[in-house]
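Please take a moment to look over the sequence and the model before reading on, and keep both in view as you go.

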Amino acid sequence: MNVQIRPVREEDRDAVMELASQLTEGVAEWRDPGAVAEAARQWLAGFFAPSPEQRGAVFVATADGEVVGMVSVNTHRHFTGPVEAYIGELAVAPHAVRMGVGRRLLSTAEDWARRQGLRHLTLETAAGNTTARRFYAAVGYREEAIRFTRVLD
Ligand SMILES: CC(C)(COP(=O)(O)OP(=O)(O)OC[C@H]1O[C@@H](n2cnc3c(N)ncnc32)[C@H](O)[C@@H]1OP(=O)(O)O)[C@@H](O)C(=O)NCCC(=O)NCCS
């Protein structure tokens with residue numbers, strides 16, 4: 001597969017929106033699935049809003065002209081002080097997984113972060129998203145924080 005990575009364009013909207021369902025992977029069973037799906041759609045739709053609120057970058061991976069993955073990267077301030085890069089969303093189309101697309105997208109986000117002069121790139125994923133956890137570990141990311149939830153009676 002001949003994969004190219006480039007900044008997102010307006011014409012990618014439909015293909016990027018198709019990836020929203022990928023972003024619900026592994027979300028805890030006590031969360032409302034409909035609300036999770038809607039949030040994922042809104043995150044992606046935000047990239048195409050007339051005046052995006054946040055600075056940052058969105059890249060797509062294409063194969064033979066078709067969008068097969070996307071990554072968004074932004075900045076936030078860590079509680080210890082430094083601003084760092086933060087991956088908001090990363091998704092690869094089901095038919096294109098395990099071909100190195102995720103690795104290429106992440107590497108592009110890392111290059112973006114380096115160009116901003118940032119030292120760390122962080123992200124969060126659902127504890128139940130075993131695919132993502134294996135992927136991030138395989139490409140050199142280390143687990144930093146764990147969030148606990150108790151469902152109250
Ligand atoms: C997680 C995700 C982005 C990985 O993308 P991908 O293009 O399949 O990843 P790559 O092909 O670059 O994989 C790189 C390495 O990660 C590891 N890896 C990826 N998927 C894996 C899986 N299902 N099981 C175990 N290891 C896996 C492997 O070591 C792989 O290298 P290999 O194929 O040579 O063994 C993709 O599965 C996805 O879109 N998932 C749904 C959305 C999501 O969970 N996003 C992340 C949370 S924000």
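The paragraphs below go through charged residues, then the ligand, and then two unusual backbone angles.

What you have in front of you is a predicted model, so the values that follow are computed from predicted atom positions. A good place to begin is Arg-6, which lies in strand 1, the stretch of residues 3-7. Arg-6 has a relative accessible area of 17%, and because buried means under 20%, this residue counts as buried. Its side chain meets that of Asp-12 in a salt bridge, with N and O 2.8 Å apart, and Asp-12 is buried as well. Leaving out residues up to four places away in sequence, Arg-6 touches Asp-12, Val-58, Phe-59, Val-60 and Thr-62.

The pair of Arg-6 and Asp-12 is one of six salt bridges in the model, and two others can be set beside it. Glu-11 forms a salt bridge with Arg-9, where the closest N and O atoms are 3.3 Å apart. Here the surroundings are described by other words, since Glu-11 is exposed with a relative accessible area of 62%, while Arg-9, at 41%, counts as partly exposed. In helix 3, the side chains of Asp-111 and Arg-114 also meet in a salt bridge, at 2.9 Å from N to O. These two residues are three apart in the helix, which means that about one helical turn separates them. Asp-111 is partly exposed, with a relative accessible area of 35%, and Arg-114, at 54%, counts as exposed.

What, then, of a buried charged residue that has no salt bridge? Glu-84, placed in strand 4 (residues 83-92), is such a case: Arg-119, its nearest side chain of opposite charge, is 9.0 Å away. A salt bridge requires the nitrogen and the carboxyl oxygen to be within 4 Å, and therefore Glu-84 and Arg-119 do not form one. The residues in contact with Glu-84, apart from its neighbours within four places in sequence, include His-76, His-78 and His-120, together with Asn-74, Thr-75, Leu-118 and Thr-122.

The next step is to turn to the ligand, which has 19 residues around it; of these, Leu-90, Val-92, Gly-100, Gly-102 and Asn-129 come nearest. Which parts of the fold each supply at least two residues of the shell around the ligand? They are strand 4, helix 3 (101-115) and helix 4 (130-138), and the largest share, six residues, comes from helix 4. Backbone atoms also take part in the surroundings of the ligand, for a backbone N or O atom of Leu-90 lies 2.8 Å from a ligand nitrogen. A backbone N or O atom of Met-99 lies 3.2 Å from an oxygen atom of the ligand, and for Arg-98 the corresponding distance to a ligand oxygen is 2.8 Å. On its own the ligand has 910 Å² of accessible area, and the protein covers 79% of it.

Arg-98 also leads to the last topic, the backbone angle phi. Its phi is near 60°, a positive value in a residue other than glycine, and its place is in the loop between strand 4 and helix 3. With a relative accessible area of 84%, Arg-98 is exposed. Asp-64 likewise has a positive phi without being glycine, with a value near 50°. Asp-64 is found in the loop between strand 2 (57-63) and strand 3 (66-77), and is exposed, with a relative accessible area of 74%.

Methods. Residues numbered from 1 in each chain as written. Predicted model: local features only at pLDDT ≥ 70, side-chain atom pairs only at ≥ 80, totals over all residues. Heavy atoms only, no water. Helix = DSSP H or I, 4+ residues; strand = E, 2+ residues; numbered from the N terminus. Buried < 20%, exposed > 50% of the residue type's maximum accessible area, 1.4 Å probe, protein only. Contact = heavy atoms within 4.5 Å. Lys, Arg positive; Asp, Glu negative; His and termini not counted. Near = heavy atom within 4 Å. Polar contact = N/O pair within 3.5 Å; in protein donor to acceptor, adjacent residues only side chain to side chain. Areas by Shrake-Rupley, 256 points an atom, 1.4 Å probe, with all protein chains shown as cover.
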